[in-house]
Amino acid sequence: MKNRLKVERAILDLTQEELAQKIGVSRQTISSIEKNRYVPSTVLALKLSRLFEKPVNDFFELEPSDLE
Amino acid sequence: MTSSKFHEQERRRFDRMTRWQLPYSYKNIGLALTAMAILALIGTKIFWDERPEGLKLALNIVLVLGMLIISLAKEKVEDELMQSLRTQSYRWAFVTGVVYALVQPWITVGVSSLLGSSEHATEMGAFQLLFFMLFVQLLSFWNLKRTA
């Protein structure tokens, strides 16, 4: 799964640390998601959706390998 | 109480028990206990000709308890990534622990036959296995955090 978390974070002019604090996770978690090393839970994805005021599908996208 | 309600309560109770952790500050207590037990085990082995078995047993208990406290203590920020890495590390510890328990006695036999002694395969002690599993869990958790 790929994501546009870094872009959305830049739009809101937030650092990884600030974003992490807003949704109650560590900076490392934000970094891991941005590097596609960790796929967040539905709860965390919905928290991001609420913060970015966008549907989850706008910043998380399935890749062909996810559909195999 | 219906059967489904009973199962739901059981599941919630089990979830609570699974998620139970010690506060972050306990990590230092665990580290202190572990370091103290290791130093005491080495010190008494070197400087005490006939170390009492009771003392060795007590130090082994302190060592395993210290490592368990480190393992159960929360991280500074204990979020879902940490929970995921923790789960992976316990899986590593369980699988390698079982393999170690099965293989280690035969390695002892192999090595001793190579060295010309006639040692038989013996069952390993509980503390040896517990130490190994906790060591693998802590090491793999640390490594997963480093590379996450």
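**Exercise 1. Backbone of N36(A) and E53(A)**

Task: In this predicted model, decide whether N36(A) is buried, partly exposed or exposed, and state what is unusual in its phi.

Solution.
- Step 1. The relative accessibility of N36(A) is 44%. Partly exposed covers the range between under 20% for buried and over 50% for exposed, so N36(A) counts as partly exposed.
- Step 2. N36(A) belongs to the loop that joins α3 (27-34) to α4 (42-52) in chain A.
- Step 3. Most residues other than glycine have a negative phi.
- Step 4. N36(A) is not a glycine, yet its phi is positive, at about 60°.

Task: Carry out the analysis for E53(A): what is its phi, and where does the residue lie?

Solution.
- Step 1. E53(A) has a positive phi, near 55°, and is a residue other than glycine.
- Step 2. Its position is the loop between α4 and β2 (60-61) of chain A.
- Step 3. With 72% relative accessibility, E53(A) counts as exposed.

**Exercise 2. Aromatic pairs**

Task: State how many aromatic pairs the structure holds, and classify the pair of F52(A) and F59(A) by its geometry.

Solution.
- Step 1. Over all chains there are 4 aromatic pairs.
- Step 2. In one of them, the ring centres of F52(A) and F59(A) are 5.1 Å apart and the planes make an angle of 85°.
- Step 3. Planes over 60 degrees apart count as edge-to-face, and the pair of F52(A) and F59(A) is edge-to-face.
- Step 4. F52(A) and F59(A) are both buried.
- Step 5. Together with F60(A), F52(A) and F59(A) make up one aromatic cluster.

Task: Classify the pair of F131(B) and F135(B), and relate the pair to its helix.

Solution.
- Step 1. The centre-to-centre distance between F131(B) and F135(B) is 5.9 Å, with 15° between the planes.
- Step 2. An angle under 30 degrees counts as stacked, and F131(B) and F135(B) are a stacked pair.
- Step 3. F131(B) and F135(B) both lie in helix α5 (residues 126-147) of chain B; because they are 4 residues apart there, about one helical turn separates them.
- Step 4. F131(B) is partly exposed, at 33% relative accessible area, and F135(B) is partly exposed as well, at 41%.

**Exercise 3. The largest pocket**

Task: Describe the lining of the largest pocket and find where the pocket lies with respect to the domains of chain B.

Solution.
- Step 1. The largest pocket holds about 310 Å³ of space.
- Step 2. It has 16 lining residues, and those closest to its centre are L31(B), I70(B), L138(B), L139(B) and W142(B).
- Step 3. In chain B, α2 (26-47), α3 (53-72) and α5 each give two or more residues to this lining. The largest share, 7 residues, is from α5(B).
- Step 4. By type, the lining splits into 10 nonpolar, 2 polar and 4 charged residues.
- Step 5. Domain 1 (1-74) and domain 2 (77-148) of chain B both contribute to the lining, so the largest pocket lies between them.
- Step 6. W142(B) also has a charged neighbour: R146(B) lies over the face of its ring, 5.3 Å from the ring centre.

**Exercise 4. The second largest pocket**

Task: Apply the analysis to the second largest pocket: what is its volume, and which element gives the most to its lining?

Solution.
- Step 1. The volume of the second largest pocket is about 250 Å³.
- Step 2. Its lining includes W20(B), S71(B), Q83(B), R86(B) and Y90(B).
- Step 3. At least two lining residues each come from α1 (3-19), α3 and α4 (80-114) of chain B, and α4(B) gives the most, with 4 residues.
- Step 4. The lining divides into 4 nonpolar, 5 polar and 2 charged residues.
- Step 5. The second largest pocket lies between domain 1 (1-74) and domain 2 (77-148) of chain B, because both give residues to its lining.

**Exercise 5. Separation in sequence and in space**

Task: For F94(B) and V136(B), set the separation along the chain beside the C-alpha distance; then treat F132(B) and P52(B).

Solution.
- Step 1. F94(B) is in helix α4 of chain B and is exposed, with 53% relative accessible area.
- Step 2. F94(B) and V136(B) are 42 residues apart along the chain, and 8.9 Å separates their C-alpha atoms.
- Step 3. F132(B) is in helix α5 of chain B and is partly exposed, with 22% relative accessible area.
- Step 4. Between F132(B) and P52(B) the sequence separation is 80 residues, and the C-alpha to C-alpha distance is 23 Å.

Key: Residues are numbered from 1 along each chain as its sequence is written. Chains are lettered from A and ligands numbered from 1 in the order in which they are written. This is a predicted model: local features need pLDDT of at least 70, side-chain atom pairs count only at pLDDT 80 or more; totals for chains, interfaces and linings use all residues. Side-chain values use heavy atoms; hydrogens and water are left out. Rings of Phe, Tyr and Trp (its six-membered ring) pair if their centres lie within 6.5 Å; planes under 30 degrees apart count as stacked, over 60 as edge-to-face and the rest as tilted. Buried means under 20% relative accessible area, exposed over 50%, partly exposed in between (1.4 Å probe, protein chains only). A charge sits over a ring if NZ of Lys or CZ of Arg is within 6 Å of the ring centre and within 35 degrees of the ring normal. On a 1 Å grid over the protein atoms alone, a cavity is a set of points where a 1.4 Å probe fits but cannot get out, and a pocket is an open set with protein on both sides within 12 Å along at least five of seven lines; lining residues have an atom within 4 Å of a point. Grid points are joined across faces, edges and corners, and a volume is the space filled by probe spheres set on the points. Ala, Val, Leu, Ile, Met, Phe, Trp, Tyr, Cys and Pro count as nonpolar, Asp, Glu, Lys and Arg as charged, and the others, Gly among them, as polar. Domain bounds come from an automatic or database domain assignment.
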